[in-house]
Amino acid sequence: MEKRNFTAALLMAFVVIAIILCLFAFPHAGLQAALRGVSIWWDVLFPALFPFFVISEIMLGFGIVHFFGTLLDPMMRPVFRIPGIGGFVVAMGFAAGYPVGAKLTGQLWTQKLVNREEGERLVAFTTSSDPIFLIGAVSIGFFHDASLAIILAVAHYGGSLMIGLMMRFHGKKSRPTKQKSANQGWIWKRAFESMHDARMSDGRSIGTLLSQSVLQSVNLIFVVGGLVVFFSVALEVLTQAKVMNAMYMLIDSLLRFTGLPLELSQAVMNGLFEVTIGAKAAGNAPAALALSSKVAIGAFILSWGGLSVHAQIVSLLSHTNLRYMPFLISRFIHALLSAAIVIIFWEPLQVFRDAKTVFMPQYDPTSPVLSYLRLLLPMSGTVILAAFTVIAGLFAAYSLLRLVYEKVGGTR
């Protein structure tokens, strides 16, 4: 174990030294990449994530998370093998995007509301793009076509639900976390009791809770911004130094194998490091390329998340015993699933592109905060409602199959 840690540390030191040398060799390129990273953080990530960071802290302090956890427990456990409290993480993760799901999962683990395997399932399931970024930034800002949002949403969030179903088999021998409330009585009463108990256990005044929520959220948003800037700079200087040529050759081979245009290799390479830069490169790919191919690569990048998001997840979960490898595997599978959904269902979903919904945003990049606040409820609410409708359908199907199985003489 010590030898393995030493090897990993040596490799990390070598990478850092290589990046530093490249920065000395290409200072102008590094500066421009840093400015792009700061712009992405300020224009996109700060207005999209900071409110949810504060809100999630306050809701945990007030016990609202525990309230929804009790209500959703009968549905979430049989379908995804996660406690009902994970339903709140699903909602916040889908509404706010990465890395909110990991942040909340880490807090639930700290409070011993989820164990390691349940936490790993939850992080793999809830690490997704927020709908405002998917629609406003990617569909409209990068691809300049609002109607593509429906296809991207079906591929991205549909892939997330499929990952949730796959991850229920992760850690099959682990014991589930027991719910604290007695499994008797009216569920609404138990939900309010759970909320009250959580609020009493927290004990902080409203003023203290609000100030600490803002302070912790500010610290976290600066960590997110720093990682975005670092990976933006690292990608640029390594590309300038021709270090990434081997990766480009590998990506070209994979694209040739799948039949996708080789011109999209730049977008894939950028997306491996940073999701925003990669999605923008996919949207700005040559117009002569098939739109379905560009959207498939965009969906792949959104679901992979980029190493910047991966680093954010690792940072947020560093105080837990949750492992990175299940998350890494789930991100790769999610990326492949999303791209496959776009390619397979491209033609059937064309009918929905003609019927644009009334809440399709008019994204204003010069006023990202106001755009975000104006579109928050309809867009995030629609995604959450659709996701839980699918989950309710899965639960109904599970209940029906279980009933039929018991009727024919089976046992649990």
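Does W41 count as buried or exposed, and at what relative accessibility? W41 counts as buried, at 11% relative accessibility. The views below come from a predicted model.

**View 1. The aromatic pair of W41 and F46.** A search of the whole structure finds 11 aromatic pairs. In one of them, W41 and F46 are arranged edge-to-face, with 5.6 Å from centre to centre and 85° between the planes. The pair counts as edge-to-face because its angle is over 60 degrees. W41 is the buried partner, at 11%, while F46 has 22% relative accessibility and counts as partly exposed. The cut-off for buried is under 20% relative accessible area, so F46 falls outside that class.

**View 2. The aromatic pair of Y324 and F327 in helix α16.** The rings of Y324 and F327 form a tilted pair, 6.2 Å centre to centre and with 40° between the planes. Both residues belong to helix α16, which spans residues 324–345. Y324 and F327 lie 3 residues apart there, so about one helical turn separates them. Y324 counts as partly exposed, at 32% relative accessibility. F327 is buried, and its relative accessible area is 4%.

**View 3. An aromatic cluster that includes W41 and F46.** The two residues of the first view belong to one aromatic cluster, together with W42, F50 and F222.

**View 4. A charge over a ring, formed by R168 and F169.** The charged end of R168 sits over the ring of F169. The distance from this charged end to the ring centre is 5.6 Å.

Conventions: Residues numbered from 1 in each chain as written. Predicted model: local features only at pLDDT ≥ 70, side-chain atom pairs only at ≥ 80, totals over all residues. Heavy atoms only, no water. Phe/Tyr/Trp six-rings, centres within 6.5 Å; stacked < 30°, edge-to-face > 60°. Buried < 20%, exposed > 50% of the residue type's maximum accessible area, 1.4 Å probe, protein only. Helix = DSSP H or I, 4+ residues; strand = E, 2+ residues; numbered from the N terminus. Lys NZ or Arg CZ within 6 Å of the ring centre and 35° of its normal.
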